[in-house]
There are 2 protein chains.
Amino acid sequence: MAESNRQTAEIAPGYLVGLDVGGTKTAVLVVDRALQPVARGSAPTVVDNPEALVQGIYEAVLAVAPAPILAVGVGVPGMVEPHSGLVRLAVNLNLQQYPLGDALTACFAAPVALENDVRAASLGAFAWLNRDEQKVRHMAYLSIGTGIAAGLVLNGRLYRGAQGMAGEIGHVLFDPRGERCLCGLTGCLETIAAGPSIARHWQADNSSAEAVFSAAHEGDPAARAIVDSAATAVARAIHLLVMTYDVERVVLGGGVLNAGDAFLGPIRTALETMRADSALARRMLTPELVVAAPPAADVARQGAVLLAQQAFDDPKARSQTGETRPKGARIHA
Amino acid sequence: MAESNRQTAEIAPGYLVGLDVGGTKTAVLVVDRALQPVARGSAPTVVDNPEALVQGIYEAVLAVAPAPILAVGVGVPGMVEPHSGLVRLAVNLNLQQYPLGDALTACFAAPVALENDVRAASLGAFAWLNRDEQKVRHMAYLSIGTGIAAGLVLNGRLYRGAQGMAGEIGHVLFDPRGERCLCGLTGCLETIAAGPSIARHWQADNSSAEAVFSAAHEGDPAARAIVDSAATAVARAIHLLVMTYDVERVVLGGGVLNAGDAFLGPIRTALETMRADSALARRMLTPELVVAAPPAADVARQGAVLLAQQAFDDPKARSQTGETRPKGARIHA
């Protein structure tokens, strides 16, 4: 280890860039080699065509990042192939079968690591959970936003599954007598608890999940019923994640969680009801199980930075394995 | 590899024993060091008290196994701690907090590896899937019997979870308006598709799942409705396993699957309905996804033999890790 420490002290300067590329904005975090933050930024995402998207991302980074850039990690809302850098499908970015990794590598002249955005954020959440000591090895990050999906860290490693679809629980069937989902099935979790579903149940259109939480807070019985229904579904999703993966923590994140206690409160009440009904549920749904990721933890960009670190440490890793070992407590907020 | 082959040729003789200890019978498989079967046996399981259980297991093995016994692997229907050899709870064996591993080690004077029976069978199923070539790395073994649970092999390794509860999907909530489960929750998968539930839905008592399948086969509409309901729930469980773990294969096993096509047919029909409704379901529920483990594959005892092999190769492994790497195509039927 002395050898390794000496190398660290002698390393050339440079910066790692983490990007959370969303359908509306691209968030940038720049850190130094010790993972200390150096700069943050944000710019609208340009989704007109792939070339404009790449150019927009490049400019968003250049606006805040000092040189040299050593590696870039990118969270993308869609299906990506980390080993090839291909985006198979990212509807909100208007991309299909596009080699985003290669395009960004050409811009930055540095290694680029791509990952699904929820999975990238799960790396950030895992590092945040273990910020003080390496205590948690099995974790699910449950993202509730426009869609619902989970990122899994199992035995301390990111788990992707056979074709990168692990954790796609938004389309698990929750209610056989429920609503038809956009995916074609009936009663998927997303039809109950995703942001657009919460909004749609309140008013046919021109509504938002925020408006429903606000109305529920003011005592509107219909809004409260919608929130309680969504919260019960999220509690069932947490139970599902525990009964399938047997994780130690479920970290909640995503846009709908910005409602804070207005959503977390009913979720905790629904979990308490399950605990009251069942000794097995009490055993599995432990008091410390559910954690809301604070906005300051910035798990999306922090996870992207960890991808960049991995790409820098081992530029060829993306062609060798679909697994990523998060660097745990090495990140700093 | 030449070195390794020479060592194989020079190894001392001896036998590995795999045990599937059920609530009613204990099944024994004895193999040589090349994992070729040497003997099989079966004896009633004695559940009067722990000492009688251990003595019964010991006699069942001695009745068929030649000496010397190098190691023993045991599948137990309950919660076990592989690293300590402790059975935390095995209701059908009348065991609670009992050091079965130590007790059997004392009998056989050989290393003993314990594992939950479904998880042990998943090792056997994984080896059986990869009997010709190492092609599958992500697999779920779904056991449908008195209870329902899944054993997972992810990235080629047995996955246990944080407290050995991974894959306990029998108590995932499938129907919010369903029946109260023995676990205390409402609408668990087991209330729809486990053997006792299928029997209970048909006649209040003195029935069996076999009788329901038989009546359904003869055209009884009530029996067919019960079978179809159970089959739809199993199809949903398969979909759940794919959407959570993104496995390449779901291997079906357990007592209720002894009904063969009388159950498999309706399960495949229910999967086909999901495929017809949804492009995403078509993508995930591939034609090769679902495989029924043939009785001749004997996955329970074969998995136990693999545990024995692991215990022999590395007798201290049980104190070091909760993970088990199955030995893939090295098993012979």
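Which residue in E13(B) does B:Leu252 stand opposite? The partner of B:Leu252 is B:Ala292 in E13(B).

The model is predicted: local features need pLDDT of at least 70, side-chain atom pairs count only at pLDDT 80 or more, and totals for chains, interfaces and linings use all residues. Residues are numbered from 1 along each chain as its sequence is written, while chains are lettered from A and ligands numbered from 1 in the order in which they are written.

**Sheet in chain B**

Five strands of chain B form an open sheet with mixed pairing, in the order E11-E10-E9-E12-E13. Strands (E, at least two residues) and helices (H or I, at least four residues) are DSSP runs numbered from the N terminus, and two strands pair if DSSP finds at least two bridges between them. Strands E11 (157-159) and E13 (290-292) of chain B each have a single partner strand, so one side of each is left without a neighbour in the sheet. From one strand to the next, the twist averages 25°. E12 (residues 249-253) and E13 of chain B run parallel and are joined by three bridges.

**Helices across the sheet**

Contact requires C-beta atoms, placed from the backbone, within 7 Å. Angles run from 0 to 180 degrees between N-to-C directions, with axes fitted to C-alpha atoms, for helices over the stretch in contact.

| Helix (chain B) | Strands crossed (chain B) | Angle to E9(B) |
|---|---|---|
| H4 (residues 117-129) | E9, E10, E11, E12 | about 125° |
| H8 (residues 221-245) | E9, E10, E12, E13 | about 155° |

**Relation of the chains**

Chain A superposes on chain B (RMSD 0.0 Å) by a rotation of 180° with 0.0 Å of shift along its axis, fitted by least squares on C-alpha atoms of residues with pLDDT of at least 70 in both copies. The two copies are therefore related as by a two-fold rotation axis. The same surface serves both copies, and 97% of the contact residues of chain A recur in chain B.

Notes
Two residues are in contact if their C-beta atoms, placed from the backbone, lie within 7 Å.
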